[in-house]
Amino acid sequence: MLMVCAIESLQVWFQTPSTFLRRLCSSRPELCSDCLEAAKWQKQFLLALADARSLSPPAFSSTTAFPATRGETIDLENPATGKFLAKVAAAQVEDVDRAVSSSADAFKSTWRFVTPDKSRSLLNKLADLLERDAEDLASIEALDAGMLYRGSLTMSIPQAAETCRYYAGWVGKRRSIHEYCRGMAYTRREPIGVCAAIVPWNAPLMITMWKLAPAIAAGNTVIVKTPEIAPLYAQKLAQLIREAGFPPGVVNIVCGLGQVAGQALADHMLVRKISFTGSTAVGRRILESSARTNLKKVTVELGGKGPSIVFADASWENALLHTTMGITVHNGQICAAGSRIYVQDEIYDRYVAEFSARTKDSVAGDPLAGQHHQGSLVASIARFKTEEEVVGLANDTNYGLSAAVFTDDINKAMRVSDAIECGQESGFGRDLGQEALEEWTQVKCVKFSIVHKL
C-alpha cells in the first residue's frame with residue numbers, strides 16, 4: 001500500500017485521559033461516557049499517527065507511509081472548535097503517478113490472478129477488523145470530520161463492515177452461460193484494472209467502503225483520494241488493510257487537494273475508472289478530463305435537493321422521526337438530505353409546530369459528547385393539496401438524488417414512487433447493491449463453435 005498521507009504534526013496533549021479529554025472536548029468529560037470510552041485508545045493511536053512520518057519508504061509496500069514529494073502539507077482543523085488539529089502531507093502529481101504505478105503493477109502481477117476464495121477472505125477479514133476497531137474509527141470521524149461519535153459508531157462503521165461482507169459474497173459469481181445453434185457462449189464480467197475513488201468528507205469511511213469493497217470484489221486495484229479536510233480516518237483504515245493481508249499495491253491511499261491530486265487522477269492515462277462523490281461542478285470537470293484523456297469510465301454521485309412528501313394518512317411518528325432526521329443528520333450536510341419537505345394541507349399546521357418543537361432544542365457542540373445532536377437546521381416546508389400537485393413540486397428541480405414518501409396507502413406509495421424522477425444533474429451510476437458491480441466491471445462474451453463430425 002502506498003500511503004501518501006503521513007502526519008507531520010498533531011496539536012494534541014497526552015497526559016491522563018481526563019486531561020486529554022478536557023483539551024479535546026468542550027463538554028465535561030466526567031458526564032460523558034462516550035468521551036471517556038473514546039479516550040481509552042486515543043493516546044496510543046494519535047501517537048502512532050504522529051510517528052507515521054518516520055516510516056521508511058523503500059518500496060510501495062503495505063508498510064509504507066511517507067510525505068509528499070515536494071514537502072507540501074495541508075493544515076487540518078477540529079471542526080468543533082476551529083482550532084488547529086494536524087498537518088498532513090499533500091500529494092502532488094508525482095505522488096499520484098507513483099500511486100498509479102503501484103496499483104498497475106499489483107494488478108498485472110498478482111491481483112488479477114487472485115482466487116475468489118482469497119479475495120472473499122480478505123474482504124471478510126477487513127469487515128471483522130472494522131468492527132473490532134469501531135470505537136477507534138468513530139472517534140477519528142468525530143474529531144476529524146465532525147460526525148457525531150454515536151452516529152458513526154452505530155451507523156457509518158456497521159454499514160462499512162456490512163458492505164465488505166456483502167460484496168465478499170459476490171466474488172466469483174458474475175458469469176452467464178448460453179447455448180446457441182452452433183455451440184455455446186458465456187459472458188463474464190472482468191475487472192477494469194486501475195481504478196480511483198474520490199471520497200467526500202461528510203461520511204468518509206462509509207463512502208470509501210461503498211466504493212472500495214465492490215471494486216476489490218470485482219478484481220480491480222484501487223487508489224483512494226481522501227477528502228483534504230478529513231483524511232485521518234484513512235490512516236487507521238490503511239493499518240487495517242495491511243493487517244487484513246491485502247497484497248502490496250492493491251489499495252493505495254493519497255491525501256491531497258482536489259485540484260491537484262484529484263485532478264491528477266482524473267487526467268491519468270492509466271486510470272481506467274473513477275468513482276466520485278461530491279459537487280456537480282467537480283463532477284463535470286472529471287467528465288471533461290475523461291473525454292480529454294483516455295475516455296475512462298466515470299460514475300458520479302453529485303448534488304441533491306431531496307423532497308420528503310408527507311401525506312395526511314402517513315404514520316405520524318414515523319413521518320416526523322424520519323423527516324427530522326433527514327435534514328438534521330450530520331447537520332444536513334449530506335447529499336441525500338431531505339431539504340424540501342412537502343406536507344398535505346390537513347396536517348400542515350400540526351406538522352410545522354411539532355417539527356419546530358423537535359428541532360429547536362437540539363444541542364450543538366463537540367461531536368464526541370453524547371448529549372450533542374449538532375443543532376437544528378432550517379428546512380423548507382411547504383403545503384400541498386393533491387397527489388398530482390406534489391409530484392410536480394418534487395420534480396421541479398435539476399436534481400434527483402433521493403426522495404422519501406410517507407403514506408400508509410401502498411398503492412399511493414407505489415404511484416408516487418414511480419412518478420418521482422431520479423438522476424438528472426445528480427449524476428449517474430450506482431453505489432451499493434448488485435448494480436454497483438456493473439460499474440466496476442466490463443463485459444466479455446466468449447463463444448465456442450462446436451464442429452460436429454459424422
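**Helix 8, the cores and the empty spaces**

Tutor: In this predicted model, the buried residues of helix 8 are L232, Y233, A234, Q235, K236, L237, A238, L240, I241 and A244.

Student: How many of the residues of helix 8 are buried, then?

Tutor: Helix 8 is mostly covered, with 10 of its 13 residues buried, and the helix runs over residues 232-244.

Student: What distance does helix 8 reach from its first C-alpha to its last?

Tutor: Helix 8 reaches 19 Å between those two atoms, which is close to the 18 Å expected at 1.5 Å a residue.

Student: And what is helix 8 followed by?

Tutor: Helix 8 is followed by G245, a residue whose phi is positive, near 105°.

Student: Which residues does L126 touch, leaving out those up to four places away in sequence?

Tutor: With those set aside, L126 touches C164, M209, L237, L240, I241, A244 and F246; of these, L237, L240, I241 and A244 are among the buried residues of helix 8.

Student: Which residues have the most contacts inside the largest nonpolar core?

Tutor: They are L126, L130, L205, M209, I216 and F246, in a core that has 62 residues. The largest share of this core, 10 residues, comes from helix 7. There is also a second, separate core of 21 residues, which includes V100, V194, L265 and F276.

Student: Switching to pockets: what volume does the second largest one have, and which residues lie nearest its centre?

Tutor: The second largest pocket has a volume of about 590 Å³, and of the 24 residues that line this pocket, G172, R188, R189, P191 and A218 lie nearest its centre.

Student: Which elements supply at least two residues each to that lining?

Tutor: Helix 4 (116-132), strand 7 (183-191), helix 7 (204-217) and strand 20 (441-449) each do so, and the largest share, 4 residues, comes from strand 7.

Student: How does the lining of that pocket divide by residue type?

Tutor: The lining of the second largest pocket divides into 11 nonpolar, 5 polar and 8 charged residues.

Student: How many cavities of 30 Å³ or more are there?

Tutor: The count comes to 1 cavity of 30 Å³ or more, and about 80 Å³ of space lies in the largest cavity. Of the 15 residues that line the largest cavity, P307, Y399, G400, S402 and E421 are the closest to its centre.

Student: And how do the residues of the cavity lining divide?

Tutor: The lining of the largest cavity comprises 6 nonpolar, 6 polar and 3 charged residues.

Technical notes
Residues numbered from 1 in each chain as written. Predicted model: local features only at pLDDT ≥ 70, side-chain atom pairs only at ≥ 80, totals over all residues. Heavy atoms only, no water. 1 Å grid on protein atoms, 1.4 Å probe; cavity = no way out; pocket = protein on both sides within 12 Å on 5 of 7 lines; lining within 4 Å. Points joined across faces, edges and corners; volume = space filled by probe spheres on them. Nonpolar A, V, L, I, M, F, W, Y, C, P; charged D, E, K, R; others polar. Core = buried A, V, L, I, M, F, W, Y, C linked by side-chain atoms within 4.5 Å. Buried < 20%, exposed > 50% of the residue type's maximum accessible area, 1.4 Å probe, protein only. Contact = heavy atoms within 4.5 Å. Expected span 1.5 Å × (residues − 1).
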